[in-house]
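Welcome to my notebook. I kept these entries short, so please read along with the structure open beside you.

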Amino acid sequence: MASLDTIQLTGLRVRAHHGVYDFERENGQDFVIDVTVWLDLARAAASDDVSTTIHYGELAESIARAVAGDPVDLIETVAERVATLVLSYPAAERTRVTVHKPDAPISVPFADVAVSIEREQRAPSASGDHATRDDQATRDDHATGARPGRHGSADRADADA
């Protein structure tokens, strides 16, 4: 059964150089990140021990580094990077990530533009195996901002969008 407990980080402001247009990459802009992490907080509450939960300060710093990392075209890609990072924490069961782009280059007045995604831990395979080495490498790549090469799936996804 999934946990009902959450940790929420709202309004993390990170300066980064994401965007389709050259001027966005050159000048950079602020991105605002909201993250909800579902996890079981009962053990942390009972023990009063930060090691039994996710340290939200460390999580916020990790998210900021991931967002500020390797520039990409789409905020959808940024959201996926953050979700992958969050789910790399063993206690995290599920996450919702919203990436706001308040200074998006849109020609009409707007209050906000954002994408939101929800991801959850993959269950172990039927054989009882846990995440493969390739799965861990993918999590590490997303957390650090690494992108696949020119023929990698991220490039194809960006081209299709």
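**Contacts and overall layout**

I began with contacts across the chain: of those with a separation of 6 or more, 62% join residues that are 24 or more positions apart. I should say early that this is a predicted model.

Next I looked up the secondary structure and found 6 helices and 4 strands. Following the sequence, I wrote down the pattern β-α-β-α-α-α-β-β-α-α. I also checked burial, and 37% of the 161 residues are buried.

**Confidence**

I looked up the mean pLDDT of the protein, which is 83. A pLDDT of 70 or more is reached by 75% of the residues. Where does pLDDT stay under 50? I found that stretch at residues 127-161, where the model has 32 contacts beyond four places in sequence. A reminder to myself: where pLDDT is low, the predicted coordinates should not be read in detail.

**Helices α3 and α4**

I then turned to a pair of helices, α3 at residues 56-68 and α4 at residues 75-87. Their axes come within 10 Å and cross at roughly 145°. I noted the crossing as right-handed. Which residues meet here? On the α3 side I listed L59, S62, I63, A66 and V67, and on the α4 side V78, R81, V82, L85 and V86.

While in helix α3 I stopped at A60. Its relative accessible area is 17%, and because buried means under 20%, A60 counts as buried. Setting aside residues up to four places away in sequence, I found A60 touching L9 and L12. I also took the C-alpha distance from A60 to V35, which is 9.2 Å, with their positions 25 residues apart in sequence.

**F31 in strand β2**

My next stop was F31, which sits in strand β2, residues 29-38. Is F31 buried or exposed? With 0% relative accessibility, F31 counts as buried.

I listed the contacts of F31, leaving aside neighbours within four places in sequence. Among them are L12, R13, V14, A16 and H18, and further along the sequence V67 and I75. V99, H100 and K101 are in contact with F31 too. For K101 I looked up the spacing as well: F31 and K101 are 70 residues apart in sequence, yet their C-alpha atoms are 5.1 Å apart. I was pleased to find V67 in this list, since I had already met V67 where α3 meets α4.

**Rings**

How many aromatic pairs does a search of the whole structure find? I got 1. The ring centres of Y21 and F23 are 5.6 Å apart and their planes are at 5°, so I recorded the pair as stacked. At 43% relative accessibility, Y21 counts as partly exposed, and F23, also at 43%, counts as partly exposed.

I made one more ring entry, for W38: R94 lies over its face, at 3.7 Å from the ring centre.

**A loop residue, D48**

I closed with D48, in the loop between α2 (42-47) and α3. Its phi is near 55°, a positive value in a residue other than glycine. Is D48 buried or exposed? I found 73% relative accessibility, so D48 counts as exposed.

Definitions and conventions:
Residues are numbered from 1 along each chain as its sequence is written. This is a predicted model: local features need pLDDT of at least 70, side-chain atom pairs count only at pLDDT 80 or more; totals for chains, interfaces and linings use all residues. Side-chain values use heavy atoms; hydrogens and water are left out. Rings of Phe, Tyr and Trp (its six-membered ring) pair if their centres lie within 6.5 Å; planes under 30 degrees apart count as stacked, over 60 as edge-to-face and the rest as tilted. Buried means under 20% relative accessible area, exposed over 50%, partly exposed in between (1.4 Å probe, protein chains only). A charge sits over a ring if NZ of Lys or CZ of Arg is within 6 Å of the ring centre and within 35 degrees of the ring normal. pLDDT is the predictor's confidence in each residue, from 0 to 100. Contact means heavy atoms within 4.5 Å. Axes are lines fitted to C-alpha atoms, for helices over the stretch in contact, and angles run from 0 to 180 degrees between N-to-C directions. Helices (H or I, at least four residues) and strands (E, at least two) are DSSP runs, numbered from the N terminus. A crossing is left-handed if the near helix is turned anticlockwise from the far one by less than a right angle, and right-handed if clockwise.
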